[in-house]
Amino acid sequence: MGGYRGSILRDAKTKRRLWIPIKAGLNLRKVDLRIGPDESDEEKTQKEIIPDRMLSHIGRVVISIRLMKKLIAMPIYTVTNYGYDWRLSLHISAELLKEKLQNIYDKQEVKKGTYVIAHSMGGLVAHKVLQEHTHLIRGLIY
């Protein structure tokens, strides 16, 4: 899991990328990702904008792609690239991660939980899940 602004965001209808840091950061694309202060605003945006996966690289700038390739190449691991909407409240992102981890846990023959590698804000989201659902996370690497 990436940190703040470390996940790709897509339009829920068109699946078009909305958040690409280099283009949005340099104002090459006008993107309004603001969310209002009410809980209903966060509920509404979850229907309009969906997280895709963790940002692994920006052009030739490598963020996590090498690590992911090494983990994927090891047959003892099943790697899932998980992205979350970093604009949402922590409890919402944690609940969505919990659901993902619960699905993985339910499919495990031997119930051991999952190792999670997380960076920055992604670590906070994963830590909240660990506090409330200890059986789902076998290990957490920050």
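Let me start with a rule: rings of Phe, Tyr and Trp, the last by its six-membered ring, make a pair if their centres lie within 6.5 Å, and planes over 60 degrees apart count as edge-to-face. What you see above is a predicted model, and by this rule it has one aromatic pair.

That pair is Tyr 4 with Trp 86. The ring centres are 5.4 Å apart and the planes stand at 75°, so the pair is edge-to-face. It links distant parts of the chain: Tyr 4 is in the segment before β1, Trp 86 is in the loop between α3 (65–73) and α4, and 82 residues separate them. Are the two residues buried or exposed? Tyr 4 counts as exposed, because its relative accessibility is 55%. Trp 86 has a relative accessible area of 7%, so it is buried.

Next to Tyr 4 in numbering comes Arg 5, also in the segment before β1. Arg 5 is not a glycine, yet its phi is positive, about 65°. For background, most residues other than glycine have a negative phi. Arg 5 is partly exposed, with a relative accessible area of 41%. Lys 15 is another case: a non-glycine with a positive phi of about 65°. Its place is the loop between β1 and β2. Lys 15 counts as partly exposed because its relative accessibility is 46%.

That loop brings us to the first sheet on my list. It is an open sheet of three strands in the order β2-β1-β3, paired antiparallel. The edge strands, each pairing on one side only, are β2 (17–19) and β3 (49–54). From one strand to the next, the twist averages 45°. Strand β1 covers residues 7–11 and is joined to β2 by two bridges. Which residue in β2 is the bridge partner of Arg 10? The partner is Arg 17. Helix α2, residues 39–48, lies across β1 and β3, and runs at about 65° to β3.

A short stop at Ser 64, in the loop between β5 (61–62) and α3. Ser 64 has a relative accessible area of 10%, so it is buried. Leaving aside neighbours within four places in sequence, Ser 64 is in contact with Met 54, Leu 55 and Ser 56.

Now the core. The largest nonpolar core has 22 residues, and those with the most contacts inside it are Met 1, Leu 97 and Val 116. Four elements give two or more residues to this core: β2, α4 (90–107), α5 (121–132) and β7 (137–141).

Take Val 116 from that list. Strand β6, residues 114–117, has a covered face with Thr 114 and Val 116, and an uncovered face with Tyr 115 and Ile 117. β6 pairs with β7 in the parallel sense, over four bridges, and Val 116 stands opposite Leu 140 in β7. What does Val 116 touch, not counting residues up to four places away in sequence? The list is Met 1, Leu 101, Ala 126, Ile 137, Gly 139, Leu 140 and Ile 141. Met 1, then, is both a contact of Val 116 and one of the residues with the most contacts inside the core.

The last region is around Lys 112 and His 135. Lys 112 is in the loop between α4 and β6, while His 135 is in the loop between α5 and β7. They are 23 residues apart in sequence, and their C-alpha atoms are 7.5 Å apart in space. Lys 112 and Ile 137 are 25 residues apart along the chain, with a C-alpha separation of 8.0 Å.

Both loop residues fall in the middle exposure class. Lys 112 counts as partly exposed because its relative accessibility is 47%. His 135, at 38% relative accessibility, counts as partly exposed too.

As for contacts, and again leaving aside neighbours within four places in sequence, Lys 112 is in contact with Tyr 105 and Arg 138. His 135 touches Gln 102, Tyr 105 and Gly 113, not counting residues up to four places away. Tyr 105 is therefore on the contact lists of Lys 112 and His 135, where contact means heavy atoms within 4.5 Å. The ring of Tyr 105 also has the charged end of Lys 111 over it, 5.5 Å from the ring centre.

That is what I have on this predicted model.

Note on methods: Residues numbered from 1 in each chain as written. Predicted model: local features only at pLDDT ≥ 70, side-chain atom pairs only at ≥ 80, totals over all residues. Heavy atoms only, no water. Pairing = 2+ DSSP bridges. Axes fitted to C-alpha atoms, helices over the stretch in contact; angles between N-to-C directions. Core = buried A, V, L, I, M, F, W, Y, C linked by side-chain atoms within 4.5 Å. Buried < 20%, exposed > 50% of the residue type's maximum accessible area, 1.4 Å probe, protein only. Phe/Tyr/Trp six-rings, centres within 6.5 Å; stacked < 30°, edge-to-face > 60°. Lys NZ or Arg CZ within 6 Å of the ring centre and 35° of its normal.
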